[in-house]
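Work through the exercises below with the structure open beside you. Try each task before reading its solution.

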Amino acid sequence: MVTKLPLAEAAWEIGPQVVADRRYLHQHPELGFQEENTARFVAEKLRSFGIETRTGVAKTGVVGLLRGDRPGKTVLLRADMDALPIEELNDVPYKSGTPGVMHACGHDSHTAMLLGVARLLAERKDEIKGTVKFVFQPSEEVPPGGAKPMIEEGVLEDPRVDAAFGVHIGQDLPVGTIGVCAGPTNAASDGFIATIKGVGGHAARPHGCVDPIVVAAQCIGALQTLVSREVNPLRQAVITVGSLHAGTVSNIIPEEAIMKATVRTFDEEVRQNLAERIPALITGIAAAMRAEAEVQYRFGYPALVNDPAMTDLVRAVAREVVGPDKVVEREPGMGGEDMSYFLQRVPGCFFRIGSRNYERGLIHGHHHPRFDIDDEGALPVGVAAVAAVALRFLNGEA
Ligand code: NI
């Protein structure tokens, strides 16, 4: 039998293949729930590694199951596969071949890295105590997202998942680093549309009208008091009315005003309270001012919360993979991420693989038409880290 390379070395050894996979996917981007070619590519690769593979989970999702030689726990490793409706402006050989669609968030690299992890772990079946579930999910970018329907189709069962891990490539971090954050990491991203109905008429005769603009103004001011007076100051919340539309000209009081807002929170209790209080406040103020209001409240992804013990495991592995000085403690951000659905149900950790490279001009942020990453430097780091985290979780050496 051939002696196997240590995991980190093996990750660098297969680096060129992981990079080639990422560039193939980059050239063939697909939007959420349309990842047909990507799913086929993923399934073919998994099967070639000898991994039991199921396709068509939540439409275009793929699940691979690798049973180790010894029984034990089950770990779920997740990658998202969807691209964005952006026209790529990079001039690279692997530029998107689909007009108006681009892997501008790096999900191509997530898929390629997880395929690399699958290959390394499949080669180490004899070392694995337990089962590894590889989850390639559709549509992270567009709520309600692909994670939720995959869970509804039973991806956390049979065998039951004990922990979940995933990574996001990060242009906010230099290549060669790994970013970790314990606890709440990404905010819940909810929002609402409020329609305030008044009675229109002549602007010089307000007493014959019900002015929805003045009602909206009262509502907007009062909404901020929910954050300042009803949310525990030690827990964060943001309410931003990002859009307010009413009226046409200065001498007409319009019939209605429409407000659109986003609500970001980390704490589930704060989130639920605001979802109740915001419509109550708006309809109450409207009624007090003789208007009527209708509030459509929309829940987006829940907050992503990393388990402290699982984050410790990731941190320990990251120190070994890139060295202690290259492990970055990240601050939480208010952006949404549907990995949160998995981490709501099982403990785990979602962490970041640095990919920015100033020297090579790979500096553009996520969702930018010139987004590109140092894949050669970043992907082997991600493969090594995720594979080692999975092995260490299963084999109980944390
Ligand atoms: Ni993303």
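Helices of at least four residues and strands of at least two are DSSP runs, numbered from the N terminus. The model used here is predicted.

**Exercise 1. Describe the largest pocket and say where it lies with respect to the domains.**

Step 1. Start with the volume. The largest pocket holds about 590 Å³.

Step 2. Look at the lining. It is made of 32 residues, and the closest to the pocket centre are Glu140, Asn186, Gly335, Gly336 and Glu337.

Step 3. Find the strands involved. At least two lining residues come from each of E6 (178–180), E7 (183–186), E8 (188–197), E12 (256–265) and E16 (348–356).

Step 4. Sort the lining by type. Ten residues are nonpolar, 13 are polar and nine are charged.

Step 5. Bring in the domains. Domain 1 covers 7–186 + 304–395, and domain 2 covers 188–301. Both domains give residues to the pocket lining, so the pocket lies between them.

**Exercise 2. Describe how domain 1 and domain 2 meet: how much area do they bury between them?**

Step 1. Take the distance between centres. The C-alpha centres of the two domains are 39 Å apart.

Step 2. Count the residues in contact. Domain 1 gives 20 residues and domain 2 gives eight.

Step 3. Find the area. About 900 Å² is buried between the domains, with 67% of it on carbon and sulfur atoms.

Step 4. Check for salt bridges. Across this interface the rule finds zero, while a search of the whole structure finds 28.

**Exercise 3. Examine one salt bridge, between glutamate 152 and lysine 148. Where do the two residues lie?**

Step 1. Recall the principle. Side chains of opposite charge can pair when their charged atoms come close.

Step 2. Apply the cut-off. A salt bridge needs a side-chain nitrogen of Lys or Arg within 4 Å of a carboxyl oxygen of Asp or Glu. For glutamate 152 and lysine 148, the N to O distance is 3.7 Å, and the side chains meet in a salt bridge.

Step 3. Place the pair. Both residues lie in helix H5 (residues 147–152). They are four residues apart, about one turn of the helix.

**Exercise 4. Find the cavities of 30 Å³ or more. How many are there?**

Step 1. Search the whole structure. There is one cavity of 30 Å³ or more. The largest cavity contains about 70 Å³ of space.

Step 2. Name the elements around it. Strand E3 (70–80), helix H4 (107–122) and strand E5 (163–174) each give two or more residues to the lining. H4 has the largest share, with four residues.

Step 3. Name some residues. Among those lining the cavity are Leu77, Arg78, His110, Met113, Phe165 and Val386.

Step 4. Sort the lining by type. Eight residues are nonpolar, two are polar and one is charged.

**Exercise 5. Pick out the unusual backbone angles. Which peptide bonds, ending at proline 144 and at proline 159, are concerned?**

Step 1. Know the background. Most residues other than glycine have a negative phi, and most peptide bonds are trans.

Step 2. Take proline 144. The bond from proline 143 to proline 144 is cis, with omega near 10 degrees. Proline 144 sits in the loop between strand E4 (129–137) and H5.

Step 3. Take proline 159. The bond from aspartate 158 to proline 159 is also cis, with omega near -5 degrees. Proline 159 belongs to the loop between H5 and E5.

Step 4. Turn to phi. Phenylalanine 33 has a positive phi, near 65 degrees. This phenylalanine 33 lies in the loop between helix H2 (15–27) and helix H3 (36–48).

How values were computed. Residues numbered from 1 in each chain as written. Predicted model: local features only at pLDDT ≥ 70, side-chain atom pairs only at ≥ 80, totals over all residues. Heavy atoms only, no water. 1 Å grid on protein atoms, 1.4 Å probe; cavity = no way out; pocket = protein on both sides within 12 Å on 5 of 7 lines; lining within 4 Å. Points joined across faces, edges and corners; volume = space filled by probe spheres on them. Nonpolar A, V, L, I, M, F, W, Y, C, P; charged D, E, K, R; others polar. Domains from an automatic or database assignment. Contact = heavy atoms within 4.5 Å. Buried area = accessible area lost by both parts, 1.4 Å probe.
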